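Got your viewer open? Load the model, pick a cartoon view, and let's walk through it together.

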Amino acid sequence: MSAHIRIPRMFSRASAVSALTVAAVGGTVATPGCPPEAEAATVAAKALRIAASKKGAPYKYGAAGPKRFDCSGLTQYAYKRAGKRLPRTAAAQYNRTRHIKAAARKGGDLVFFHSGGGVYHVGVYAGGGRLWHAPKTGQVVRLERIWTKKVWYGHVR
């Protein structure tokens, strides 16, 4: 079975083949007329990938990477590497985000666990009701289902 690809006039046959080759091996291609944001992954998606890359890193209270993390240290580290600065604590990070409803959450948004009006834990939303987080002493950074409805979501600006 052969695939036929229509090449827009703005591309020569050679540049279209080069673009297809780059895309096939996982690269990105600058497309005339597309904004740079559309060409690169979003900051949130980058932060999500960075948090996931820390799978298995040990929890350590007060640690912000690159080898050990507490919950807000992991989110701060992931976003810093993705190009955004966040404050150090979960509560301060909550105050810095744009608060969103659960229906609007996307991968890379932050998940804040709260009790009595105060935020006590944070992780990076991974989609499908799961998050990457650094749970507690004796555990490691891991992907886990969100286990309670007492969560708020925030989008990093």
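Contact here means heavy atoms within 4.5 Å. With that in hand, start with the whole chain: among contacts between residues at least 6 apart in sequence, 48% join residues at least 24 apart. Keep in mind that this is a predicted model, where local features need pLDDT of at least 70, side-chain atom pairs count only at pLDDT 80 or more, and totals for chains, interfaces and linings use all residues. Residues are numbered from 1 along each chain as its sequence is written, and side-chain values use heavy atoms, leaving out hydrogens and water.

Next, color by pLDDT, the predictor's confidence in each residue from 0 to 100. The chain averages 83, and 74% of the residues score at least 70. Now select residues 1–40: pLDDT stays under 50 there, and the model has 17 contacts beyond four places in sequence for this stretch. Where pLDDT is low, the predicted coordinates should not be read in detail.

Switch to secondary structure. You'll find five helices and six strands, taken as DSSP runs (helices H or I, at least four residues; strands E, at least two) and numbered from the N terminus. Reading along the sequence gives α-α-α-α-α-β-β-β-β-β-β.

Now a surface. The chain exposes about 9800 Å², with carbon and sulfur atoms supplying 55% of it; areas come from the Shrake-Rupley method with a 1.4 Å probe, and for residues only the protein chains shown count as cover. Of the 157 residues, 36% count as buried, meaning under 20% relative accessible area (exposed is over 50%, partly exposed in between; 1.4 Å probe, protein chains only).

Select helix α4, residues 71–82. At 1.5 Å a residue its twelve residues should span 16 Å, and the end C-alpha atoms are 17 Å apart, which agrees; the expected span is 1.5 Å times one less than the number of residues. How many of the twelve residues of α4 are buried? Ten are, including Cys71, Leu74, Tyr77 and Ala82. Show what the buried ones pack against: α3 (43–53), α5 (90–96), β2 (110–115), β3 (118–127) and β4 (130–133). Right after α4 comes glycine 83, with a positive phi near 105°.

Last stop: threonine 97, in the loop between α5 and β1 (98–100). Is threonine 97 buried or exposed? At 3% relative accessibility, threonine 97 counts as buried. Its side chain reaches the backbone oxygen of tyrosine 94 at 3.0 Å. Leaving aside residues up to four places away in sequence, threonine 97 touches Leu110, Phe112, Gly154, His155, Val156 and Arg157.

Notes: A polar contact is a pair of N or O atoms within 3.5 Å; within protein, one must be able to donate a hydrogen and the other to accept it, and residues adjacent in sequence count only if both atoms are side-chain atoms.
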